[in-house]
Amino acid sequence: MAGDDGPRIKACTVCAVSSGADGYSNRQFRKSDPVCNTCALERADAPPGPPLPKAAKAAKTKLCTGACALALAETSFTKRQWKQGTPRCMRCSAAAPSAAQSGTGKPTLAAAAAAATAVALGDNVSEEPWPFEVDPLDQCETPLLAYQHLAPVLHQLAKALGKAVRDLRIYDPYYCTGASADHLNACGFLSVHHAREDFYKKVATR
């Protein structure tokens, strides 16, 4: 029967072995979830575990006021555009139509739609044609910030697979402007397959 000062035998919350007061430090024995002296010593002698990878520092972004309307890093703007309160990224600036149009000094609706389509399809300044049919919904390019958020998860995946981060093989089939490979490389992932090729055709012919 327990006395007024509580039970004289307690079970260790680590090894589950019941011991009297001599098996614990005075402080541990007074706790409701005590750790016995043996387990406490083992904990003290155990080497520290590997440090968790630090999350990539999130890059500062601004919302492009052009057709893409994406949150982009500073590298997507000229220095002058980045300082503006309503910046337009370099891709949207290159794709924007001139203002010659319906006598109003503003782009026509058709011209504005064409510019938005060019951005959505990821056409570069040289307007190189796509060698296959492109679905605009497949051409929404992921910004660098998203890859920086994903990087800690990919670090853990590489660790679980026993691979170096640089050797983790990543496949991104949606090319757009090809920036995804650059973003992943910037995060330390160097084994990236990201080519201007028809992903659906490759899957169908395998």
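Colleague: Before we turn to this predicted model, how are the axes defined, and at what angle do helix 6 and helix 7 pack?

Modeller: Axes are lines fitted to C-alpha atoms, for helices over the stretch in contact, and angles run from 0 to 180 degrees between N-to-C directions. For helix 6 (residues 144-160) and helix 7 (residues 179-186), the axes lie 9 Å apart and the packing angle is about 50°.

Colleague: Is helix 6 roughly parallel, roughly perpendicular or oblique to helix 7?

Modeller: Angles under 35 degrees count as roughly parallel, and those from 65 to 115 as roughly perpendicular. The angle here is about 50°, and that makes helix 6, with respect to helix 7, oblique.

Colleague: Which residues make the contact, and how many of them are charged?

Modeller: Helix 6 contributes Leu 144, Tyr 147 and Leu 154, while helix 7 contributes Ser 180, His 183 and Leu 184. By class, the contact of helix 6 with helix 7 has 4 nonpolar and 2 polar residues, and the number of charged residues is none.

Colleague: Among the 5 aromatic pairs of the structure, is the pair of Tyr 174 and Tyr 200 stacked, edge-to-face or tilted?

Modeller: Planes under 30 degrees apart count as stacked and over 60 as edge-to-face. The ring centres of Tyr 174 and Tyr 200 are 6.4 Å apart and their planes stand at 45°, so the pair is tilted.

Colleague: Where in the chain do Tyr 174 and Tyr 200 lie, and how many residues apart are they?

Modeller: Tyr 174 sits in the loop between strand 5 (169-171) and helix 7, whereas Tyr 200 belongs to helix 8 (residues 199-204). The pair thus links distant parts of the chain, with a separation of 26 residues.

Methods:
Residues numbered from 1 in each chain as written. Predicted model: local features only at pLDDT ≥ 70, side-chain atom pairs only at ≥ 80, totals over all residues. Heavy atoms only, no water. Helix = DSSP H or I, 4+ residues; strand = E, 2+ residues; numbered from the N terminus. Parallel < 35°, antiparallel > 145°, perpendicular 65-115°, else oblique. Contact = heavy atoms within 4.5 Å. Nonpolar A, V, L, I, M, F, W, Y, C, P; charged D, E, K, R; others polar. Phe/Tyr/Trp six-rings, centres within 6.5 Å; stacked < 30°, edge-to-face > 60°.
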